[in-house]
Amino acid sequence: MFDDSYKFTCVDRFMKYVKFDTQSDDESESFPSTAKQKELSKFLVKELKEIGLADAYMDEWGYVISSIPSNTNKRNVPAIGFISHVDTSPAVSGKNVVPSIHKNYQGGDITLPKDGQVIKADENPELAQMIGFDIITSDGSTLLGADNKAGVAEIVDAVKYIVNHPEVKHGDIKICFTPDEEVGRGAEKFDVDNFGAKYAYTVDGQSRGEVETESFSADAVTIKFYGKNIHPGYAKGIMINSLKIVSSFIDSLPNDKLSPETTEGREGYVHPVAINGNEELTIVKFIIRDFDTKKLKEYEKLLKELAQKAVDNSPGSKMDFIVTEQYRNMKEILNSHPKVEEYAIEAMKRWNLEPIMHPIRGGTDGSKLSFMGLPCPNIFAGEHSYHSKTEWVAVQDMELAVKVIVEICQIWEEKS
Ligand SMILES: [Zn+2]
């Protein structure tokens, strides 16, 4: 039961939010990485207050925090959080975004007015499910910012709906809009205790029906290869060139498996991302990924053996092998809290959506938050082709996401 006379506000809000340039910066060491993100955050505090969320505020780091108190007699309903990020990708400009709505999409490519950009139907198979829908895009000169301002707008609209519909019974609802997700730092200053939610959902997924509960587990490996340098004019029988050792090591990696370019689905990989060095010392950096955390150990063992072999072939050289933990598959946490996933799936089904459950070949702020004590899967916001000038989102998907958020709150109350 959703009030069909409700006038959604998510699209109007979204059109306002994308006009704020909130690009984050992966080179920056400040927090948030760019101060301009806080301009949108301040605006969001104002919007939440206008809806009636008197406690809305932005903290010193730029996190917007607010809540709706429980309106049920049940005492055991856990506090549920909804989280999105205000920043946009450093990859493509988000300045002077000019959004427009292409009404009643009838299939085929969508040509944008600027920069020769075309949203191609064959590169965006999901467009086929959007016939009759209204598609929002940029003018082609910037990204759109649906990642993740669509999620922000949907949460704000859901909050408005809930506040104005007291018949929707719910426990405490917590809202947070974070900075710096795109540079992997959205969870960095997140105060889980202060937030006060027992469980949360990031609203930052792609397709209608998506419930993402699995991320990669990730380690970084740094291998230092030590050679021996001497003036090349007098090097015979003395020089050991670490660049050549590294070259043979890289060459010994498997060609047809275990790399990003040869894997998909649930397969993991080892992936060299940087080599820096000279004759004396060369440092190689790897990222290694798998959904099964135990496999990271196997991959580390393989790398170590291959590196050792390369060193053994150059007597007098040696190496250091350093593993750094990055993040873990959130499923390890979510498995102990099955209702979090179950109720999201239930919400999708109540809106006739086929739940889509593929694992994320990457990490999310939700995976970090899950390990910080806030179990946090990701649900769809409708954003597509993100981090590009051909980014798009459908109006109807945004409205559906609002309904799903409201539904999740109700289900937690109902089943508690
Ligand atoms: Zn995002």
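Here are some exercises on the structure above, each with a worked solution.

This is a predicted model, where local features need pLDDT of at least 70, side-chain atom pairs count only at pLDDT 80 or more, and totals for chains, interfaces and linings use all residues. Residues are numbered from 1 along each chain as its sequence is written, and side-chain values use heavy atoms, leaving out hydrogens and water.

**Exercise 1. Helix α2**

Check the span of helix α2 (residues 37–51), then work out which of its residues are buried and what they pack against.

*Solution.*
- Start with the terms: helices (H or I, at least four residues) and strands (E, at least two) are DSSP runs, numbered from the N terminus. The expected span of a helix is 1.5 Å times one less than its number of residues.
- Now the span: with 15 residues, α2 should cover 21 Å, and its end C-alpha atoms sit 22 Å apart, which agrees.
- Next, burial, where buried means under 20% relative accessible area, exposed over 50%, and partly exposed in between (1.4 Å probe, protein chains only). In α2 the buried residues are Gln37, Leu40, Ser41, Phe43, Leu44, Val45, Glu47, Leu48 and Ile51.
- A bit of helix background: an α-helix has 3.6 residues a turn, so residues three or four places apart point the same way.
- Then the partners: the buried residues of α2 pack against α1 (10–17), β1 (57–58), β2 (64–68), α3 (146–164) and β8 (173–178).
- Last, look just past the helix: glycine 52 follows α2, and its phi is positive, near 120°.

**Exercise 2. Two serines**

Compare the surroundings of serine 41 and serine 215.

*Solution.*
- Place them: serine 41 lies in helix α2, while serine 215 is in the loop between β10 and β11 (217–226).
- Check burial: serine 41 is buried, with a relative accessible area of 1%, and serine 215 counts as buried at 0%.
- List the contacts (heavy atoms within 4.5 Å). Leaving aside residues up to four places away in sequence, serine 41 touches Met58, Gly62, Val64 and Val86. With that exclusion again, serine 215 touches Phe291, Arg328, Asn329, Met330, Ile360, Gly362, Gly363 and Ser367.
- Find the polar atoms: a polar atom of the serine 41 side chain lies 3.4 Å from the backbone oxygen of glycine 62. For serine 215, a side-chain polar atom lies 3.3 Å from the backbone nitrogen of methionine 330.

**Exercise 3. The zinc site**

Name the donors of the zinc ion and say why the arrangement is irregular.

*Solution.*
- Donors are N, O and S atoms within 2.8 Å of the metal (3.2 Å for Na, K and Ca); water is not among the atoms, so sites may look incomplete.
- Here the zinc ion is coordinated by His85 (NE2), Asp147 (OD), Asp204 (OD) and Asp204 (OD), at 2.0 to 2.6 Å.
- In sequence, the spacing of the donor residues reads H-x61-D-x56-D. Histidine 85 in strand β3 (residues 80–85) and aspartate 147 in helix α3 are 62 residues apart, so this pair links distant parts of the chain.
- Both histidine 85 and aspartate 147 are buried.
- For the geometry, four donors count as tetrahedral if all angles lie between 85 and 135 degrees; four count as square planar and six as octahedral if opposite donors are over 155 degrees apart and all others between 65 and 115; anything else is irregular.
- The four donor atoms subtend angles of 52 to 137°, which makes this arrangement irregular.

**Exercise 4. The sheet around β8**

Trace the open sheet of seven strands and see how β8 fits in.

*Solution.*
- Two strands pair if DSSP finds at least two bridges between them.
- The order is β1-β2-β8-β3-β9-β15-β10, with mixed pairing. The edge strands β1 and β10 (211–212) each pair on one side only.
- β1 and β2 pair in the antiparallel sense over two bridges, and β2 and β8 are also antiparallel, over five bridges.
- β3 and β8 pair in the parallel sense over six bridges.
- Zoom in on isoleucine 173 in β8: isoleucine 68 has it as bridge partner, and isoleucine 80 stands opposite it.
- Finally, the faces of β8: Ile173, Ile175 and Phe177 point one way, Lys174, Cys176 and Thr178 the other, and all are buried.

Technical notes: A polar contact is a pair of N or O atoms within 3.5 Å; within protein, one must be able to donate a hydrogen and the other to accept it, and residues adjacent in sequence count only if both atoms are side-chain atoms.
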